Amino acid sequence: MNNSIESTDPPLSESVPTSANPIPDHARVAVLQQIGKPMAIQSYPLPRLQGSEVLVRIRCATICGSDLHSCFGRRPTPLPGVLGHEMLGQIADIGPAGAADYEGSSLQVGDRVTWSMVWSCGRCDFCRQGLRPKCLELKKFGHQTLDPANPFFGAMADYCWLPERTAIFRIPSEVPDRVVSPANCATATVAAIFRQIGECRGRSVVIQGAGMLGLVATAMAAAGGAGPVIAIDPDPRRSERTLQFGATQAINATSNVEEIQAQLQRLTDGRGADIVIELSGQPAAIELGIELLAIGGHYILAGSTFPSRAVQLSAEQIVRRWLRISGVYNYNPEDLRQALVFLAAHHQRFPFADLVSGSYPLEQVNEAFTHAENERPIRVAIVG
Ligand SMILES: [Zn+2]
Ligand SMILES: [Zn+2]
């Protein structure tokens, strides 16, 4: 079987419900019932839409690293559940009250859309403080316990149900499905990181970890005029790839600490990095990262999303060197908007389309997860 991804997306009209091709009564979801067991493809009745709810036919879903952590038991996940939170699709149906996108313009059946994987109420104290991922009513697509009355709340399915107040975005037509699919996890999270950083033009940036988030961070730093942009990863293939995404220099993280320090000092005229972005989540990498900062530097931690040992840091160094440390987890709807603007502007400059290395139908979801787990490509897609 040829799993190479097609160079073009299927035409939009293929998925639009018509009188000849109406919305079915039932549709499939891939249910993870038990860690270590294959997901089961099950059929459930599609929900009847109320108010401003939206039903989306999934066109493309990509498997995120956190889906693999959940599926293979490396982090807690609600069971049974439907995984998948990087996705896009085409609107199949809209509730009787009509629905609008995040910008406020009305949505239509057939629109190609993505949406915030973080559903937040917009009203609670955290939402009003700009901390939407901490909403008191938070729900995350692909992270909920399966509701048998409506299990369509994850990407590993034919359809996804979007409750009222989901932040929905139309996708610019020139950006291919496989480029956009990671936007509502990886790209939007990196946009939230850069919102924390503020202006990066002319500042030196080190990126630790060259997976999907690291490649996006490299590209965003380069596009924002940062320099030098230095990527560090223990896998030489991964660190080398950052050069295609705008890195000035790729450093192998298996080099000893002194050697990494020496390379960084050479590249930054002896100052160190103004900004270090940590995306590996490895305690040893964090202990190194703090050493790489220039005086007054800013360390942004975003990779530590799974349990690991405590990190040893010198509080004295943080104080004496005027260092700043921030954490970022998930994002606000505005970050997803920025992510889509970034991809529309730069998807031809940086080879995001090449990062999806396999394409499977939903009925082969278990093969797709096994391939992603064993081969560790940047992304594998499930296409509808
Ligand atoms: Zn994710
Ligand atoms: Zn809230």
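**Exercise 1. Domains**

In this predicted model, the C-alpha centres of domain 1 and domain 2 lie 31 Å apart. State which residues form each domain and describe the side of domain 1 that touches domain 2.

*Solution.* Residues are numbered from 1 along each chain as its sequence is written, and chains are lettered from A and ligands numbered from 1 in the order in which they are written. Because the model is predicted, local features need pLDDT of at least 70 and side-chain atom pairs count only at pLDDT 80 or more, whereas totals for chains, interfaces and linings use all residues.

Step 1. The domain assignment places 12-176 + 347-383 in domain 1 and 189-327 in domain 2; such bounds come from an automatic or database domain assignment.

Step 2. Ten residues of domain 1 and nine residues of domain 2 make the contact, two residues being in contact if their C-beta atoms, placed from the backbone, lie within 7 Å.

Step 3. On the domain 1 side, helix α1 (residues 65-71) supplies the largest share, three residues. Helices (H or I, at least four residues) and strands (E, at least two) are DSSP runs, numbered from the N terminus.

Step 4. By class, this side of domain 1 has four nonpolar, three polar and three charged residues. Ala, Val, Leu, Ile, Met, Phe, Trp, Tyr, Cys and Pro count as nonpolar, Asp, Glu, Lys and Arg as charged, and the others, Gly among them, as polar.

**Exercise 2. Packing of helix α4**

Determine how α4 is oriented to α5 and to α10.

*Solution.* Step 1. The axes of α4 (residues 186-197) and α5 (residues 212-223) come within 9 Å and cross at roughly 50°. Axes are lines fitted to C-alpha atoms, for helices over the stretch in contact, and angles run from 0 to 180 degrees between N-to-C directions.

Step 2. α4 is therefore oblique to α5; angles under 35 degrees count as roughly parallel, over 145 as roughly antiparallel, 65 to 115 as roughly perpendicular and the rest as oblique.

Step 3. Residues A186, T187, T189, V190, I193 and F194 of α4 meet M212, L213, V216, A217 and M220 of α5. This contact comprises nine nonpolar, two polar and no charged residues.

Step 4. With α10 (residues 333-346), α4 packs at about 105°, the axes being 8 Å apart. The two helices are therefore roughly perpendicular.

Step 5. Here T187, A188, A191, A192 and R195 of α4 meet D335, L336, Q338, A339, F342 and L343 of α10. The classes are seven nonpolar, two polar and two charged residues.

**Exercise 3. The six-stranded sheet**

Give the strand order of the open sheet and identify the strands at its edges.

*Solution.* Step 1. The order is β12-β11-β10-β13-β14-β15, with parallel pairing; two strands pair if DSSP finds at least two bridges between them.

Step 2. β12 (249-252) and β15 (324-327) each have a single partner strand, so one side of each lacks a neighbour in the sheet. The twist from one strand to the next averages 20°.

Step 3. Strands β10 (residues 205-208) and β13 (residues 273-278) run parallel and are joined by four bridges. V205 is opposite I275 in β13.

Step 4. Helix α8 (residues 283-292) packs on the sheet, touching β10, β13 and β14 (293-301), and its direction makes about 165° with that of β13.

**Exercise 4. Backbone exceptions**

Locate the cis peptide bonds and the residue with a positive phi that is not a glycine.

*Solution.* Step 1. Most residues other than glycine have a negative phi, and most peptide bonds are trans.

Step 2. A cis peptide bond with omega about -10° joins L79 and P80; P80 lies in the loop between α1 and β4 (86-94).

Step 3. G227 and P228 are also joined by a cis peptide bond, with omega about -10°. P228 is in the loop between α5 and β11 (229-233).

Step 4. W322 has a positive phi of about 55° and is located in the loop between α9 (315-320) and β15.
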